[in-house]
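Reader: I would like to go through this model feature by feature. Please give the idea behind each reading, and then the case at hand.

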Amino acid sequence: MKFLKYIIYFFFLLKATSLIAQNNTFKNYTIKDGLPSNTITDIVQDNLGYIWFASNKGITQFDGNNYITFSRKEGLETNYITKIAPNKDSLLIGSSSNFFIKQHTKFQIFESKKINCISKIKDQVFLGTKKGIYRLRDDFLSPLRTNFQIDLTPINDIQFDGEFYWVATQKALWKIDDLLNPKLLKRIDLANYTALIIHNKQIIASTFNSGLKVIINDTIKTIHSTTKNIKGVKKISNQFWIYSNSNGIEVLDLDFSFIRKINKYNTLETNAISTIFQDNQRNIWIGTSDKGVYKQENKLQEENPIPLISFEDIEVVYKTIDSINFNSYKGILQIPPGKNHLAFTYKSIDINNPKKVYYRYKLNGDFSPWSNNNSVNLANLKAGNYTFSVQSKTANKQESKPIHFQFYIDKPFYKKNWFQWLAISLLLLLSAYITYKYIKKIRRINKEKIMKLEIENHLLSLEQKALQLQMNPHFIFNVLNGIKALGNSGKLDDLNTTISKFSNLLRSILNTSRKEEVNLSEEIATLKNYISLEQQMSSSTFTYAIETKLSFDAEEVLIPPMLIQPFIENSIKHGIKNISEGKITIKFYDIKNYLHCEIIDNGIGVHQSKKNKKTNDHASLAIKVTKERIKNLTSNISIKIDEIIESDTVKGTKVWFKIPLKTDF
């Protein structure tokens with residue numbers, strides 16, 4: 001008899017062990033199954049039943065069978081998502097640099113700091129960021145000012161116990177009476193608090209390296225844990241699951257007694273746990289940093305939740321209705337005559353049995369038979385009022401509440417008063433004709449203006465290029481006479497040097513004449529050749545210096561060719577012509593995305609030189625065109641020519657101008 005009892009006891013023990021083992025089986029979902037990444041940062045379930053995975057490659061919608069991923073291609077400005085949270089008919093999304101609200105397929109974008117948590121409290125959304133707490137307003141994020149110890153610290157979690165807000169930061173745990181207008185700000189403890197749970201008037205908080213903390217009436221009790229680097233704690237069924245980035249999961253009962261560990265040594269393939277979530281069917285989802293998602297399906301489900309069904313799309317003549325939210329629309333959609341082809345797509349989620357969801361619909365009549373089809377096309381509908389209803393049923397035979405959509409198809413115009421329609425048609429025709437004639441006239445005028453501007457622009461371009469090629473004939477004559485004199489005097493070395501400089505100058509001018517821009521080092525080389533030849537040919541002695549103070553290499557900076565030479569020529573011919581020890585200094589430097597240039601001489605001054613100039617002097621014409629070129633490069637006041645005055649005495653002239661800084665990379 002005892003032997004029989006032992007056999008029966010052993011049988012039940014094996015059966016119970018089998019059931020527990022079956023219930024603790026985890027299924028792994030990775031990129032091989034359809035996830036965009038194996039790095040999962042958060043898991044939630046929306047109001048319709050979809051599971052959402054946040055990862056470093058966007059967010060993914062999962063119905064138990066199919067994956068739909070939203071990333072930068074679909075409207076997210078960044079792929080690295082840190083937190084997600086459902087909110088009525090939208091999804092709140094936090095990232096490393098932005099906050100998003102997803103409604104249907106559109107994203108509303110808010111600039112923010114890194115989002116560590118999203119908390120919905122009393123119909124308000126609070127965001128814990130890298131620096132302080134923010135509140136979501138209608139069209140912007142508003143920072144909340146509490147104290148500098150909270151405002152400048154990463155916020156890991158925010159919870160509300162019905163009376164007080166509890167804020168877990170990277171440095172402390174805080175108790176606050178009101179986040180918007182705080183009067184009580186009490187620091188409960190110093191530690192890196194990572195997550196909070198409100199349970200039976202207790203605050204259960206996880207810390208990074210100090211175990212689990214239980215706060216009752218501001219008194220702290222520490223529950224020592226073998227798990228280190230704790231990322232968070234979740235209440236799963238009647239247990240507390242503590243998870244870590246490096247040590248897996250430790251499960252405690254409601255009295256904080258140890259139950260078991262879940263890690264790579266007994267269940268999973270990794271210890272890098274990023275989040276844990278329990279869905280409405282009591283399935284447990286474990287997100288990891290390197291192995292995707294693990295799902296522990298609830299095989300012993302006692303309650304069968306009633307499924308929810310929603311419209312995913314409604315089309316009128318193959319175009320989605322995007323002017324209304326068709327799941328919350330309470331009115332009757334007015335559809336114009338002729339557009340009598342409607343298509344409905346609807347969805348109900350059963351995560352554990354996605355392929356065993358059945359639907360039936362009706363249109364002003366009886367329901368259709370149950371089927372797996374989640375869409376229906378209604379073609380050639382007659383004018384009148386309609387109510388479309390649809391219902392779902394899951395594998396556990398639970399039926400959803402039917403949802404409805406009302407619409408009205410208007411009558412064709414030929415069934416209405418013919419005179420009214422004829423009058424409207426004639427008015428529309430007349431308006432269209434007048435509009436057509438007006439648009440045609442405007443286009444003709446605009447076309448003529450564009451052609452005229454193109455011709456003027458072309459002529460201006462030719463004129464500028466011609467002026468770029470143009471060199472003072474007197475200068476060329478002097479250089480050639482100088483070369484002749486050097487040849488007659490037998491100074492062959494000086495002759496070769498002068499010819500080489502002159503040929504290089506001509507070659508440089510010819511090469512750059514067809515270019516809109518050259519690098520600054522080429523322009524400086526051309527200026528050196530030009531000034532050196534002027535020094536040889538000039539009757540008076542002068543020196544020059546070229547200074548560059550740039551954030552970039554001169555070879556990387558671009559400048560229009562022959563922009564400096566006219567000012568230097570003017571200084572030589574009119575500024576320092578008749579003075580001894582003349583000096584010209586040319587400076588290049590950059591400030592705030594502008595290239596600045598200065599040409600400074602110690603001559604007689606700009607006003608005296610103007611009196612001495614001839615009206616049609618070559619240098620004067622070149623300077624006039626160069627000023628126009630500089631003004632065309634920037635809309636700001638960008639050129640000044642002033643005398644240098646010291647002790648009421650003219651000491652020279654300074655030309656300054658700036659142009660937008662451009663580089664060749």
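Reader: In which hand does helix 6 pass helix 7?

Author: The model is a predicted one. Helix 6 passes helix 7 in a right-handed crossing. The contact draws on Leu527, Tyr530, Ile531 and Glu534 from helix 6, and on Gln565, Ile568, Glu569, Ile572 and Lys573 from helix 7. By class, the residues of this contact are five nonpolar, one polar and three charged.

Reader: At what angle do the axes of helix 6 and helix 7 cross?

Author: Helix 6 covers residues 520–537 and helix 7 covers residues 565–575; their axes cross at roughly 15° and come within 11 Å. Angles under 35 degrees count as roughly parallel. Helix 6 and helix 7 are therefore roughly parallel to each other.

Reader: How many residues of helix 7 are buried?

Author: Burial is read from relative accessible area, with under 20% counting as buried. In helix 7, 10 of the 11 residues are buried, so the helix is mostly covered. Among them are Ile568, Glu569 and Ile572, which also belong to the contact with helix 6. Pro566, Phe567 and His574 are buried as well.

Reader: How should the side chains along a strand be read?

Author: In a regular strand the side chains alternate between the two faces of the sheet. Strand 31, residues 332–335, is a case of this alternation. Leu333 and Ile335 point to one face and are buried, whereas Ile332 and Gln334 point to the other and are not.

Reader: With which strand does strand 31 pair in the parallel sense?

Author: The partner is strand 36, residues 403–409, and the pairing runs over four bridges. Within it, Gln334 has Tyr408 of strand 36 as its bridge partner.

Reader: What is the strand order in the open sheet that contains strand 22?

Author: The order is 22-23-24-25, with antiparallel pairing among the four strands. Strand 22 (230–236) and strand 25 (258–262) are the edge strands, each pairing on one side only. From one strand to the next, the twist averages 20°. Strand 22 is joined to strand 23, residues 239–244, by six bridges in the antiparallel sense. Gly232 stands opposite Tyr243 of strand 23.

Reader: Which strands stand at the edges of the sheet with the order 2-3-4-5?

Author: That sheet is also described as open, with four strands and antiparallel pairing. Its edges are strand 2 (40–45) and strand 5 (67–70); each has a single partner strand, so one side of each is left without a neighbour in the sheet. Direction ignored, neighbouring strands of this sheet are turned by 20° against each other on average. Five bridges pair strand 2 with strand 3, residues 51–55, in the antiparallel sense. In that pairing Ile43 stands opposite Phe53.

Reader: How many residues lie between strand 10 and strand 11 in their hairpin?

Author: Two residues lie between them, and Lys122 in the turn has a positive phi of about 50°. Strand 11 spans residues 124–129 and is joined to strand 10 by six bridges, the two running antiparallel. Ile115 of the pairing has Thr129 in strand 11 as its bridge partner. Strand 10, residues 115–121, has six of its seven residues buried, so it is largely enclosed by the rest of the structure.

Reader: Where is Asn217, which has a positive phi of about 55°?

Author: Asn217 is not a glycine, and its place is in the loop between strand 20 (212–216) and strand 21 (219–223). Its relative accessible area is 71%, and over 50% counts as exposed. Val317 has a positive phi too, near 50°, and is likewise a residue other than glycine. Val317 is found in the loop between strand 29 (309–316) and strand 30 (319–320). Its relative accessibility is 33%, which counts as partly exposed.

Reader: Is Ser310 buried or exposed?

Author: Ser310, which lies in strand 29, has 4% relative accessibility and counts as buried. Leaving aside residues up to four places away in sequence, Ser310 touches Leu48, Asn327, Thr345, Tyr346, Lys347 and Ile403.

Notes:
Residues are numbered from 1 along each chain as its sequence is written. This is a predicted model: local features need pLDDT of at least 70, side-chain atom pairs count only at pLDDT 80 or more; totals for chains, interfaces and linings use all residues. Side-chain values use heavy atoms; hydrogens and water are left out. Two strands pair if DSSP finds at least two bridges between them. Axes are lines fitted to C-alpha atoms, for helices over the stretch in contact, and angles run from 0 to 180 degrees between N-to-C directions. Angles under 35 degrees count as roughly parallel, over 145 as roughly antiparallel, 65 to 115 as roughly perpendicular and the rest as oblique. A crossing is left-handed if the near helix is turned anticlockwise from the far one by less than a right angle, and right-handed if clockwise. Contact means heavy atoms within 4.5 Å. Ala, Val, Leu, Ile, Met, Phe, Trp, Tyr, Cys and Pro count as nonpolar, Asp, Glu, Lys and Arg as charged, and the others, Gly among them, as polar. Buried means under 20% relative accessible area, exposed over 50%, partly exposed in between (1.4 Å probe, protein chains only).
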